[in-house]
Amino acid sequence: MARRPPDPAADLPGLAEAISAEAPHYHGHRERLRARFAESGPDALPDYELLELALFRAIPRRDVKPLAKALIRRFGSFAEVLAAEPARLAEVEGVSAGVIADLKLMEAAGRRLAKGAIAARPLLASWSALIEYLRATMAFSPREEFRVLFLDRRNHLIADEVQGRGTVDHTPVYPREVARRALELSSTAIILAHNHPSGDPTPSGPDIRMTREIVTVLDPLGIVVHDHVILGRDGHASLKGLKLI
């Protein structure tokens with residue numbers, strides 16, 4: 001009797017199991033995560049999963065979930081991971097120079113997008129966009145920095161400059177330097193901003209005194225201080241809104 005040829009279909013279950021065993025488990029996870037992001041948007045993902053997506057390009061052949069969770073534990077949130085100093089990122093096991101470069105690129109992209117939203121609009125009429133820009137720029141910085149936004153007569157942005165960087169709780173600011181720069185730029189108004197790395201944006205006594213000194217120096221020059229905004233992880237505070245200037 002002639003022998004029946006082997007049925008290829010009979011081996012399919014075993015073949016599928018062999019392929020499944022060989023394929024890294026994270027391949028399916030990556031595709032599912034990308035699909036959730038595409039269908040539901042970033043707000044549907046917790047911070048560590050959004051960070052996983054960000055790590056896929058720099059680490060193509062490894063499960064990045066443990067690293068994403070380690071970074072969130074270390075720095076607190078997705079935004080704080082992006083804002084972390086490169087030297088501190090490098091302290092986390094598994095973070096390479098390529099990972100740091102990708103994270104810093106995303107941070108820069110976020111800042112450019114936020115700045116683009118305020119570039120050609122009167123800032124006083126675009127307050128929510130301004131706050132988003134300031135949050136993206138400095139709310140999660142590990143060190144205190146003092147920024148001045150110089151405006152023209154139509155309250156359009158002329159320049160956005162960091163006037164000083166300091167420690168975790170202090171930045172030296174010189175009112176006459178602010179006045180000198182405003183005159184150089186022919187600015188007629190400014191908005192002051194600085195961050196509190198502690199996370200609490202409540203104005204301190206020195207914050208209030210320094211703001212009032214700047215107002216006193218600029219007032220005879222016809223330069224208006226519209227506000228002083230303090231940024232923190234927990235939100236922001238407006239000295240004008242609090243009636244402190």
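**A pocket, two cores and a buried proline**

In this predicted model, 23 residues line the largest pocket, and those nearest its centre are Phe78, Ala79, Leu82, Gly110 and Ala136. The space inside the largest pocket amounts to about 570 Å³. Four helices, α3 (47–55), α5 (78–83), α7 (97–116) and α8 (127–139), each contribute at least two residues to the lining. Of these, α8 provides the largest share, with seven residues. By chemical character, the lining of the largest pocket consists of 16 nonpolar, three polar and four charged residues.

Attention may now turn to the interior. The largest nonpolar core comprises 25 residues, and Leu51, Leu55, Leu71, Val81, Leu89 and Val95 have the most contacts inside it. At least two residues of this core come from each of α3, α4 (65–75), α5 and α7. Leucine 51 serves as an example: leaving aside neighbours within four places in sequence, leucine 51 is in contact with Ala68, Leu71, Ile72, Phe78, Val81 and Leu103. Apart from this core lies another, of 18 residues, including Leu130, Leu149, Ala193 and Val229.

A single residue completes the account. Proline 201 is found in the loop between β3 (189–195) and α10 (205–218). Because its relative accessible area is 10%, and buried means under 20%, proline 201 counts as buried. Which residues are in contact with proline 201, leaving aside its neighbours within four places in sequence? They are His196, Ile230, Leu231, Gly232, Asp234, Gly235, His236 and Ala237. With one of these, glycine 235, proline 201 has a C-alpha separation of 6.5 Å, although the two residues are 34 residues apart along the chain.

Note on methods. Residues numbered from 1 in each chain as written. Predicted model: local features only at pLDDT ≥ 70, side-chain atom pairs only at ≥ 80, totals over all residues. Heavy atoms only, no water. 1 Å grid on protein atoms, 1.4 Å probe; cavity = no way out; pocket = protein on both sides within 12 Å on 5 of 7 lines; lining within 4 Å. Points joined across faces, edges and corners; volume = space filled by probe spheres on them. Nonpolar A, V, L, I, M, F, W, Y, C, P; charged D, E, K, R; others polar. Core = buried A, V, L, I, M, F, W, Y, C linked by side-chain atoms within 4.5 Å. Buried < 20%, exposed > 50% of the residue type's maximum accessible area, 1.4 Å probe, protein only. Contact = heavy atoms within 4.5 Å.
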